[in-house]
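Trainee: I have the model open. Can we work through it together?

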Amino acid sequence: MSRDEATVLFDAPGPRARRRNLTLTLVSALVILGLIAWIIYDLADKGQFAGELWKPFTQWDVWRTYFIQGTINTLKAAAVGAVLALLFGAVFGLARLSDHWWIRVPAGAVVEFFRAMPLLILIFLAFFVPATVSPIIADGPLGNFQRVMVENVFSIFGVTINNGTVTVPAFAAVVFGLTLYNGSVLAEVVRAGVQSIPRGQGEAAFALGMRKNAVMRLVLLPQAVTAMLPAIVSQLVVLLKDTSLGYIIGYEDLTSYGFKIEPANFHNLLQAAVVCAAIYITINLIVSRIATWLEARSRRSRKSITTMSAGASLPAAGMASSGADAA
Amino acid sequence: MGQLFDFTEVFNNLDKIAISFWATIRLAAVTAVLSMILGTVWASFRVSPTPVLRGVGTFVVNLLRNTPLTLLAAFCISALSDILKFHFSETPSVNGYWWAVTALSVYTSAFVAEALRAGINTVPLGQAEAARSIGLTFTQSLRMIILPQAFRSVIGPLGSVLIAMIKNTTIVGAVAYGVEAASEMKALFFDLGATLPMFIGFAVGYLVLTLPAGFFFGWLSKRMAVAR
C-alpha cells in the first residue's frame with residue numbers, strides 16, 4: 001500500500017519527506033527485527049524450540065483427539081449460542097420498539113441489565129446456582145413446573161433433574177451466558193437498525209393503510225436486516241471468542257483441550273497456545289471476511305441505506321443510544 | 001420459598017464483597033491507563049507514513065482482536081510466568097495481579113487503537129488541507145485542528161471500550177489473579193452455597209460500576225460532539 005497521496009495527518013510527501021520516511025522505515029525495521037531476534041534467542045535459550053515439544057503437532061492422533069475435538073465443541077457452543085442469541089435479540093429488540101409501555105419498559109430493563117453484566121458471572125449463575133436453588137423450588141408450589149420445564153425443554157442442553165436437584169452441565173451454562181449477554185447486545189443492534197431506517201419509510205407505509213405489524217414486517221425489518229448484517233456478524237465473532245470462557249468452568253472447548261488437556265500430556269504449553277491462537281484467529285478471520293463481504297454487498301445493492309459498519313462498536317449499557325449513533 | 005430471597009448472608013459478607021470490588025477497581029484503573037498508552041502507540045503505528053510500522057500495527061491489532069482474552073490471560077500466567085519465568089514479583093498474588101493487568105491491557109489496547117484510528121478518520125480531509133494551506137506546520141495542525149476534533153468523536157467509542165474492559169476484569173481475574181469480584185463470588189458460592197441473593201449482590205456491584213460510566217460517557221460524547 002503506497003501512500004503518496006495526502007492523508008488527514010500527512011501531506012503528500014515531497015523529496016525530503018520521502019527521504020525521511022525511508023530512514024524511518026529502515027530504523028523501525030531494524031528495531032523490530034532486533035526485537036524478534038531477541039525473542040527467538042530467548043525462546044531458544046529456554047529450550048522452547050526443542051523438537052519433541054513441536055512433534056505432537058505432526059501427529060494426526062493429537063490433532064483429532066485434542067484440537068479438532070476442541071474446535072468442534074467450541075463451534076457447537078457458538079452455533080447454539082448464536083441461534084438462541086439471535087432469537088433473544090430479535091424478540092427483545094422488537095419488544096423495545098413496542099408502542100405499549102408495559103412491553104417496552106420491561107424489555108428495556110432486561111436488555112440493559114444483561115448488557116451491563118460481565119458474561120462470566122452470568123455463566124457462574126447458570127453453573128452454580130441451580131443446584132442450590134432447585135431443591136427449594138421443588139418443595140414449593142412451582143416444583144412440578146420446574147420438573148416439567150427441565151425434563152421437556154432444558155434437557156436438550158443436557159440439564160438433568162434428580163429428586164428436585166437440577167444439574168447444569170458446563171455446556172448449558174456457557175450457552176445460557178452467551179444467549180443472554182450477546183442476545184441483549186443483538187437486541188440493541190436490532191433496535192438501532194430499525195431506528196436507522198428513514199422515518200418516511202414507516203410513514204409512507206402507514207399512509208398506504210398498513211397496520212403496525214405489516215409496517216414492521218414488510219417495510220422496516222427487511223431494510224433494517226440489510227443494514228444490521230455486518231454488525232450482527234461482528235457480534236457473532238465476539239460470541240465465538242467468548243465461548244473460551246468455558247475453559248474457566250471446565251467446558252471442553254478449544255481452549256480447554258488445546259491449552260489444558262493437550263499440554264498436560266505432552267508438556268508443550270507454549271507451543272499449544274500458539275496452535276490454539278492460530279485456530280481461533282483463522283476462524284474469526286473467516287467470519288470477519290464474511291462480514292466485510294456482506295457489508296460490500298449491501299452497500300452495492302441499496303444506496304439509500306447507511307450500513308451500520310462492522311467495526312463500529314455499539315454504545316455500552318447505559319449510554320443513551322439513538323438511531324443517530326448507528327446511522 | 002422465602003429462603004430463596006434471604007439476603008442475610010449478603011449483608012453479613014458486605015465487607016468481603018466490597019474488598020473484592022476494590023480489587024476489581026484497582027485492576028481496571030491501572031489497565032485503563034496502560035491500555036490507553038499502548039493503544040495510542042498501536043494507533044500511531046497504524047497511521048504512520050512508514051509501511052513497516054503500519055504493517056506491524058495492523059498485524060498486532062488483528063492478532064489481539066481475534067484471540068480470546070481467556071487464552072491470552074492463561075498464556076500470560078501459565079506460559080510466560082510459570083514456564084518462561086518472567087516474574088513481576090516473587091509474591092504470587094502480586095505477580096498474578098500484574099500479569100492480569102498485562103493481559104487485559106494488551107488485549108484492550110487493540111480496541112483502543114481501533115477507536116482512536118476511527119476517530120482520526122472522522123476528521124474530513126478538507127480540515128487538514130485548510131490547515132496546511134494557511135501555513136500550519138505538522139505539529140500545529142495536529143495540535144489545533146485534527147486532534148481536538150478526533151478526540152471529541154472518540155469519546156463515545158472509547159467509553160464503550162473502557163466499560164467492556166471493566167467487565168473483562170472478571171476473565172483475567174478468574175484466570176490469573178483470583179481476588180477480584182467474580183472470583184470472590186465463586187469463592188462465596190463454595191463457602192456459603194450458591195444462592196440467588198449472593199448473585200444479586202455482585203450483579204448490583206457490577207451495575208454500579210458499569211451503568212454510571214455508561215451514562216457519563218454517553219452524556220460526554222453527546223456534549224462534545226462535533227457539529228458538522
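Trainee: What covers the buried residues of H3(B)?

Mentor: This is a predicted model, so local features need pLDDT of at least 70, side-chain atom pairs count only at pLDDT 80 or more, and totals for chains, interfaces and linings use all residues. Residues are numbered from 1 along each chain as its sequence is written, and chains are lettered from A and ligands numbered from 1 in the order in which they are written. Helices here are DSSP runs (H or I, at least four residues), numbered from the N terminus. The cover of H3(B) includes H1 of chain A, plus helix H2 (14-47) and helix H5 (92-122) of chain B.

Trainee: Which residues in H3(B) are buried?

Mentor: Buried means 20 or more other C-beta atoms within 10 Å of a residue's own; exposed means 12 or fewer, and partly exposed is in between, with C-beta atoms placed from the backbone. In H3(B) the buried ones are B:Leu53, B:Val56, B:Gly57, B:Val61 and B:Leu64.

Trainee: Why are they on the same side of H3(B)?

Mentor: An α-helix has 3.6 residues a turn, so residues three or four places apart point the same way. The arc is taken from the directions from the helix axis to the C-beta atoms. The buried residues of H3(B) share a side because their arc around the axis is only 120 degrees.

Trainee: How far apart are the end C-alpha atoms of helix H3 of chain B?

Mentor: The expected span is 1.5 Å times one less than the number of residues. Helix H3 (residues 51-65) of chain B has 15 residues, so 21 Å is expected. The end C-alpha atoms agree, at 21 Å.

Trainee: How many residues does each chain give to the contact?

Mentor: Two residues are in contact if their C-beta atoms, placed from the backbone, lie within 7 Å. Chain B gives 60 residues, and chain A gives 51.

Trainee: Which element gives the most to the side of chain A that touches chain B?

Mentor: Elements giving two or more residues there include helix H1 (15-45), helix H5 (119-139) and helix H12 (269-301) of chain A. With 10 residues, the top contributor is H5(A).

Trainee: Where does A:His267 lie, and is A:His267 buried or partly exposed?

Mentor: Most residues other than glycine have a negative phi. A:His267 has a positive phi of about 55 degrees. A:His267 sits in the loop between H11 and H12 of chain A. With 13 other C-beta atoms within 10 Å, A:His267 is partly exposed.

Trainee: Is B:Lys85 buried or exposed?

Mentor: B:Lys85 also has a positive phi, near 60 degrees. B:Lys85 lies in the loop between helix H4 (69-83) and H5 of chain B. With 8 C-beta neighbours inside 10 Å, B:Lys85 is exposed.
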